[in-house]
Amino acid sequence: MATSTAAVERPEDEKLPLGRTFIYGLQHILTMYGGVIAPPLIVGGAAGLSATDMGLLVTAGLFVSGLATILQTIGVGPFGARLPIVQGLSFASVSTMTAIARDGGVRPIFGAIIVAGLIGLALSTIFARLIRFFPPVVTGTIITVIGLSLLPTTFTWSMGGAGAKDLGSMANIGLAGLTLLIILVISRLFQGAVSRLSILIGIVVGTGIAACFGKVDFSRVGNGPVFALPPVMHFGTPTFQIGAIISMTIVILVIMTETTADILAIGEIVDTPVDAKRVAAGLRADMFSTTVAPAFSAFPCSAFAQNVGLVALTGIKSRYVVAMGGGILAVLGLLPVVGRVIAAIPYPVLGGAGIVLFGSVAASGIKTLSRVDFDGNLNMVIVAVSLSMGMIPVAAPKFWDAFPTAVGTIMHSGISAAAVVAVLLNILFNEIKAGNRPDVSVFAAARDERGNPIPKRD
């Protein structure tokens, strides 16, 4: 069978042997598995669902995330960026869904997701045309914030996970540190396939060591069926409430901003062209998956930033590897028993791996910023202000609590806050030329009244 020109020219079209494709795909799923199961557990708890129903939400989330990943990576017509992007349930929607769930259960949530998803689908092409407003000074800042905003999650995992009785114990942090050490040693001593599997090996070995010390609980693996199809409309027909729809639409715009940033980030990492057409195709896949998710009792989907870090760390750029991961994720949604085994991985082990993964995302952003010209312009100010705004939700989570819901929904996400501020400042300082003056950089040499540089003192 002849290889297409595109397959030769585009690094993301590389096809690896089946065995390696499966292993690398599994590594992607182990990286993001905890992030997929967290939203259903949080929202289900707020809605007062039974353990069985919350388990159903988890299974549905895995199944839909797997199908969404396959659509995003393989693509069908105008749907899918055809890039190595893992799709999963979005954290950006958790706070809004929790608020809706406390008032009316999960049915209004599903109704709001359907309407908001359709709105996002209709806006995808228009939204993607904003790509010209995402030069390296913007994308580099956003990518850096993506990595930095994920670090608190991995630190919490390293301490034992939110709600752990021994949160912050030396045993938990020690296990996270040991997992990190294993990954670093493998990365340093080995090359090729072994080095690229350092995250997976670290997770497996770390879990084995944890099991030896009684830190792994496999007792619930046998609870529940081995195989189960996600039921359609298990919780009944969705209901449509205007307030919930408005709130969810705002969330969808935030998700679209984050997905756009992730698509641009993966394009930078893979070193492949990403234009407005490709971003639009990625957003369509994102919004289509979100719109149909409620039929299976699942929540909005978005690109997972931690897997962007995995691509950067391993150098495995093939979209077919991620598509295999999507297939594994979908199968896990049909085989709850396998999901329960993976769910037994201790949080400290995931935390140790997350330090490398999430830090790699931030490092990729810094690499992008290294290509930015900071002389004679205000790009340094753009980065400084945008980075600071993106860190507010991390450093001061209650900072925006007193503001209107619409503002809070956007600014409570560090990624969307950084994206909005960076884009606006880039337009103000770089796109609008009127009133610009030379040497406006804070690093420009000081000049006297005649315009001559003032010599620096020794």
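Here is a short chat about a predicted model and the labels given to parts of it.

User: What makes C301 count as buried?
Analyst: Buried means under 20% relative accessible area. C301 sits at 0%, so it goes in the buried class.

User: And why is C212 called exposed?
Analyst: The cut-off for exposed is over 50%. C212 comes out at 67% relative accessibility, so the exposed label fits.

User: How much of the protein counts as buried by that kind of test?
Analyst: Of its 458 residues, 52% do. As for what the protein shows on the outside, about 20200 Å² is exposed, with carbon and sulfur atoms supplying 66% of that area.

User: How do you know how many disulfides there are?
Analyst: A pair of cysteine sulfur atoms has to lie within 2.5 Å to count. Searching the whole structure turns up zero disulfides.

User: What is the protein built from, and why is it called as compact as a globular protein of its length?
Analyst: It has 18 helices and two strands. Its radius of gyration is 23 Å, and the globule rule gives 23 Å for 458 residues; the two are close, so the protein is as compact as a globular protein of that length. The C-alpha trace spans about 80 × 55 × 55 Å along the principal axes.

User: What share of the contacts with a separation of 6 or more joins residues 24 or more positions apart?
Analyst: That share is 82%.

User: How many charged side chains of each sign are there, and how far apart are their centres?
Analyst: The protein carries 28 positive and 22 negative side chains, with the centres of the two sets 4 Å apart.

Technical notes. Residues numbered from 1 in each chain as written. Predicted model: local features only at pLDDT ≥ 70, side-chain atom pairs only at ≥ 80, totals over all residues. Heavy atoms only, no water. Helix = DSSP H or I, 4+ residues; strand = E, 2+ residues; numbered from the N terminus. Rg over C-alpha atoms; globule rule 2.2 N^0.38 Å. Buried < 20%, exposed > 50% of the residue type's maximum accessible area, 1.4 Å probe, protein only. Contact = heavy atoms within 4.5 Å. Areas by Shrake-Rupley, 256 points an atom, 1.4 Å probe, with all protein chains shown as cover. Lys, Arg positive; Asp, Glu negative; His and termini not counted. Charge placed at Lys NZ, Arg CZ, Asp CG, Glu CD.
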